[in-house]
Number of protein chains: 2
Amino acid sequence: MTTIEQSAEAPAVSAGSDAFDAPKRRVGRPRKNVLSRQLIIETGLTLIDEHGVEGAGMRSVAKRLGVRPSALYNHVSGQAELIAGVRELVSDRIPTEAFDHLPWDEALTEWAKVYRRAFVAHPSTIALLAVVPIEGAGATTLMYDRVVDALVRAGWDTSKVLVAIVALESFILGSALDAAAPDDMMKPSDDSAAVAFAEAYRARESALGARETRPADASFELGLRAMVAGLKAEFDASR
Amino acid sequence: MTTIEQSAEAPAVSAGSDAFDAPKRRVGRPRKNVLSRQLIIETGLTLIDEHGVEGAGMRSVAKRLGVRPSALYNHVSGQAELIAGVRELVSDRIPTEAFDHLPWDEALTEWAKVYRRAFVAHPSTIALLAVVPIEGAGATTLMYDRVVDALVRAGWDTSKVLVAIVALESFILGSALDAAAPDDMMKPSDDSAAVAFAEAYRARESALGARETRPADASFELGLRAMVAGLKAEFDASR
DNA sequence: GAGTTAAATGAACAATGTTCTTTTAACCAT
DNA sequence: ATGGTTAAAAGAACATTGTTCATTTAACTC
C-alpha cells in the first residue's frame with residue numbers, strides 16, 4: 001500500500017547476519033514444523049523492539065527464523081496481518097489496575113505511561129490505529145470503560161469525562177509519534193539565524209545528557225504532569 | 001530505511017494514468033526547464049492530499065509531472081528531502097504573531113490552535129511528517145525560534161522551554177490525528193458490557209450536540225486549556 | 001566560440017513484498 | 001499397509017520501490 005522510505009546504499013540492519021537458526025534445511029516439509037502464526041508474530045514484535053519498525057519486514061522475520069520468506073505465507077496472509085497481529089499483541093497488554101488502588105489523577109498518570117509505552121513499539125501503526133474505528137465490543141472499549149468508570153466514581157461529570165480522556169489520549173499518541181522520531185530530529189544547523197532556538201537546544205542537551213534521558217521522554221513526562229494537573233484544576237473548580 | 005507495506009497485486013493509484021504531462025520529451029536538457037524544487041514539493045503535497053501518503057513516492061511524483069524519476073534527483077536529494085519539503089510547506093502557513101502582543105500563555109494557546117488547523121487540512125501527512133527530521137535552517141526552525149524566544153523573554157528556563165514546547169506539539173499533533181477520525185469512531189455497540197462508557201458516550205453526545213461542537217474540537221479545547229494551565233503552574237512554581 | 005555546468009532521458013541495481021512451482025512429509029480414509 | 005489429500009518447507013521468479021550512473025542536449029560563462 002505505502003512505502004515510506006527505502007535506501008539502496010544503507011545495508012541497515014537486515015544485512016547483519018542475525019539469523020539464529022540456519023540448519024540448511026533441505027526442501028520439503030520438515031518432520032517437525034518450524035513455524036506457527038504465533039511464533040511469527042512474536043518474532044515480529046521482538047525484531048521491532050530490537051531494531052525499530054524496519055524489523056517488521058517479512059524478509060527480516062524470515063531471516064531471524066532461519067526460514068525462506070515464502071514459508072511465512074503458509075501461516076500469515078501477508079505483512080498487513082503480521083502488523084495487525086503485533087498491534088493486538090501489544091495493545092492487549094495495557095493494564096488498568098492502577099485505578100483500583102490509586103486516586104484518579106495518579107492512576108491516570110500511570111495509565112498514560114503504560115499506554116504510551118505500548119504504542120512506542122510500533123509507531124507506524126499509530127496513525128492507522130487513531131483513525132480506524134475501534135470495534136465496539138473489543139478489549140479497547142473495555143479499557144475505556146474501566147477508565148471512565150473510575151473517573152466518574154471519583155466525581156467527574158459524566159458529560160465531560162470522555163472529552164478529558166480523549167484529550168489525554170491525543171497527547172499520548174502524539175508523544176508516541178514523537179518518541180518514534182530520531183533524537184536529533186530538530187538539530188539546528190550551525191549557521192542558523194535561529195539563535196534562541198539553538199541556545200535552547202544546547203541547554204536541553206546538556207540538561208538531559210547529564211541524566212541520560214531521551215528528549216521525547218522528558219517532554220512526555222513534563223506534558224503529562226502539566227495536563228493531569230490542569231485537568232485536576234478543572235475538576236476542582238467544577239464542584 | 002523502512003518500508004511499511006507494498007502490494008504486488010493492487011495497482012492502487014499509480015497504475016491509473018493520471019499523468020498530466022507526457023509530451024514524449026526527447027533525451028537531453030530541454031530548452032525550458034520542466035522541473036524545480038518547488039514544483040516537485042508542491043506536487044508531492046497535492047498527491048498526498050489526493051491519494052494519502054502513498055502519493056508521496058518518487059515515481060508517483062515523477063509520473064504526475066510527466067518526467068522520469070531520475071530527473072527529480074537534479075532538484076531534490078531524495079525522498080527524505082521531498083517529505084521534509086512538504087512539511088515546510090504546510091508548517092510555513094502557521095503564523096506566530098500572537099507572541100508579539102499577548103502574554104506567553106495566551107499566545108501559546110493561539111499558536112496551538114492555528115498549528116493544529118494547519119495539519120488538520122492535510123490529515124494524512126501528520127504521521128509522515130511528525131517522524132521526519134526537520135531541516136536545520138527551514139521555516140519550521142524559524143517558527144520554533146519565535147516561540148522559544150517569546151517564552152524565554154517571559155522568564156522560562158532555557159533548558160526547559162524546548163521540552164515544554166515539544167510536549168505541547170505532541171498534544172497538537174495527536175489532536176490533529178483525532179480530528180481526522182470520524183466523529184462516531186468509538187460508538188459503543190448496544191449490547192456492550194461497557195455500561196459506564198456507553199453512558200458517558202451518550203452524555204457527551206447530548207452535551208455537545210446542543211452546541212454543535214465536534215467531539216474532537218471539544219477535547220482539543222479542554223486539553224489545551226489544561227496543558228497550558230499546567231505549564232503555567234509549573235512555570236510559576238519554578239521562580 | 002570553447003569549456004563547464006545543468007537538466008533531462010534511459011538503463012541499470014538493490015531491496016522489498018508477494019506468488020507460483022516443486023519437493024517432502026504429515027494426516028487420513030479404506 | 002497403502003494410496004490420496006493436505007500442509008509446510010525451499011527455491012525461483014515478478015512487480016514495485018528508491019536510487020545511481022552514463023549519456024545526451026542545452027544553458028551559462030569567460
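**Exercise 1. Polar contacts with DNA strand D**

Task: In this predicted model, find which backbone and side-chain atoms make polar contacts with DNA strand D, beginning with what a polar backbone atom of Arg29(B) approaches.

Solution:
- Step 1. Start with the backbone of Arg29(B): one of its polar atoms is 3.1 Å from a base oxygen of DNA strand D.
- Step 2. Turn to a side chain. Arg59(B) places a polar side-chain atom 2.3 Å from a base nitrogen of DNA strand D.
- Step 3. Now look at the phosphates. Here a backbone N or O atom of Val34(A) lies 2.5 Å from a phosphate oxygen of DNA strand D.

**Exercise 2. The protein surface around DNA strand D**

Task: Describe the 34 residues around DNA strand D: which come nearest, and how many are nonpolar, polar and charged?

Solution:
- Step 1. Val34(A), Ser70(A), His75(A), Arg26(B) and Arg59(B) come nearest. Of the atoms of DNA strand D that come within 4 Å of the protein, 60% belong to sugar and phosphate.
- Step 2. Sort the residues by class: 11 are nonpolar, 15 polar and eight charged.
- Step 3. Map them onto helices. At least two residues each come from α3 (69-72) of chain A, and from α2 (58-64) and α3 (69-72) of chain B.

**Exercise 3. Salt bridges between the chains**

Task: The whole structure has 20 salt bridges over all chains. Why does the pair Arg225(A) and Glu234(B) join two chains?

Solution:
- Step 1. Recall the principle: side chains of opposite charge can pair when their charged atoms come close.
- Step 2. Check the distance: Arg225(A) and Glu234(B) meet at 2.5 Å, N to O.
- Step 3. Locate the partners. Arg225(A) sits in helix α11 (residues 215-237) of chain A and Glu234(B) in helix α11 (residues 215-237) of chain B, so this salt bridge joins two chains.
- Step 4. Compare exposure. Arg225(A) is partly exposed at 45% relative accessible area, while Glu234(B), at 18%, is buried, because buried means under 20%.
- Step 5. Follow Glu234(B) further: its side chain also meets that of Lys160(B), at 3.7 Å, N to O. Lys160(B) lies in helix α9 (residues 158-180) of chain B, 74 residues apart from Glu234(B).
- Step 6. Look at another network: shared partners link Lys160(A), Glu234(A) and Arg225(B) through salt bridges.

**Exercise 4. The nonpolar core**

Task: Which residues have the most contacts inside the largest nonpolar core?

Solution:
- Step 1. This core has 140 residues, and Trp111(A) and Trp111(B) have the most contacts inside it.
- Step 2. List the surroundings of Trp111(A). Beyond its neighbours within four places in sequence, Trp111(A) is in contact with residues including Ile94(A), Phe99(A), Met143(A), Leu168(A) and Ile172(A).

Key
Residues are numbered from 1 along each chain as its sequence is written. Chains are lettered from A and ligands numbered from 1 in the order in which they are written. This is a predicted model: local features need pLDDT of at least 70, side-chain atom pairs count only at pLDDT 80 or more; totals for chains, interfaces and linings use all residues. Side-chain values use heavy atoms; hydrogens and water are left out. A nonpolar core is a set of buried Ala, Val, Leu, Ile, Met, Phe, Trp, Tyr and Cys residues joined through side-chain atoms within 4.5 Å. Buried means under 20% relative accessible area, exposed over 50%, partly exposed in between (1.4 Å probe, protein chains only). Contact means heavy atoms within 4.5 Å. A residue is near a molecule or strand if one of its heavy atoms lies within 4 Å of it. A polar contact is a pair of N or O atoms within 3.5 Å; within protein, one must be able to donate a hydrogen and the other to accept it, and residues adjacent in sequence count only if both atoms are side-chain atoms. Helices (H or I, at least four residues) and strands (E, at least two) are DSSP runs, numbered from the N terminus. Ala, Val, Leu, Ile, Met, Phe, Trp, Tyr, Cys and Pro count as nonpolar, Asp, Glu, Lys and Arg as charged, and the others, Gly among them, as polar. A salt bridge is a side-chain nitrogen of Lys or Arg within 4 Å of a carboxyl oxygen of Asp or Glu.
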